[in-house]
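Hi,

Here is the structure I said I'd pass on. Have a look at it first, and my notes follow below.

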Amino acid sequence: MKQTTFFLKSFLVMVMMGWTMTSHAQRYEIDRGRVYFGEEIMMQADARSFVDLGWGYAKDRENVYMNGRVLENVDPSSFRLKERSTWRHHGHGDMSEPQAPRRGYYKTQFNVYYGDKKIDAMPSTFVELGSGYAKDAFNVYYFGDKLKGCMASSFEILEGGYAKDSFNAYYRGNKVEGAFAPSFRYTGDGYAEDTFNAYYKGKKLK
């Protein structure tokens, strides 16, 4: 009986080690506008904003991923990995997400960049707003991408990934369809509301 138990435990350890080694051997790749983790296509991933953070973590403008799978209820705009893969603790023995140097905005006298990508922005009026948003005198940007039709003069950051201008509301860089901007407000835990409707993560609740 003891011998059987020993072999069973050894087998389980080998299986777990094999899974771990396979997991770490796989990596993220972008090919022809699609994101892959190993051989598997990540259908939800946005190739344009996708960033491999290391240690199996990655994110794009919509989601954070671990080994190719979406981490639910994790905001990519605030998710960071610490350098050297150290972790930040929050009391009671629990562990928060790791932190790392973020890919952010940078401006010189003549140009504005997001990471290594030059963006079409005016340096003299450019300002970073937080949560991936920035603006100059004429345009608004989200993780380096210009938001079409967004009014810079009235644009403001709310909370929970939400923002708005005089005419529209936005969630993580995407227009919230049907939102009434003048009364639109964030209410917490991914929810928002205006005079007529309620929303969850940018989607109108029926």
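Keep in mind that this is a predicted model. What caught my eye is aspartate 165: it is buried but has no salt bridge. The nearest side chain of opposite charge belongs to lysine 175, and that is 8.5 Å away. A salt bridge would need a side-chain nitrogen of Lys or Arg within 4 Å of the carboxyl oxygen, so lysine 175 doesn't qualify.

So what does the side chain of aspartate 165 make a polar contact with? One partner is the side chain of tyrosine 170, at 3.4 Å. A polar atom of the aspartate 165 side chain also lies 2.7 Å from the backbone nitrogen of asparagine 168. As for where this happens, aspartate 165 is in the loop between β16 (162-164) and β17 (169-171). Skipping neighbours within four places in sequence, its contacts are Gly149, Cys150, Met151, Ser154, Phe155, Tyr170 and Ala181.

The other thing I looked at is an open sheet of four strands, ordered β4-β5-β6-β7, with antiparallel pairing. β4 and β7 (69-70) are the edge strands, each pairing on one side only. β4 (residues 51-54) pairs with β5 (residues 57-59) over three bridges, and β5 pairs with β6 (residues 64-66) over three bridges as well. You can trace a line across via lysine 59 in β5: valine 51 stands opposite it, and its bridge partner in β6 is valine 64. The β4-β5 hairpin has two residues between its strands, and tryptophan 55 there takes a positive phi near 55 degrees.

Cheers

Conventions
Residues are numbered from 1 along each chain as its sequence is written. This is a predicted model: local features need pLDDT of at least 70, side-chain atom pairs count only at pLDDT 80 or more; totals for chains, interfaces and linings use all residues. Side-chain values use heavy atoms; hydrogens and water are left out. Two strands pair if DSSP finds at least two bridges between them. Buried means under 20% relative accessible area, exposed over 50%, partly exposed in between (1.4 Å probe, protein chains only). Lys and Arg count as positive and Asp and Glu as negative; His and the chain ends are not counted. A polar contact is a pair of N or O atoms within 3.5 Å; within protein, one must be able to donate a hydrogen and the other to accept it, and residues adjacent in sequence count only if both atoms are side-chain atoms. Contact means heavy atoms within 4.5 Å.
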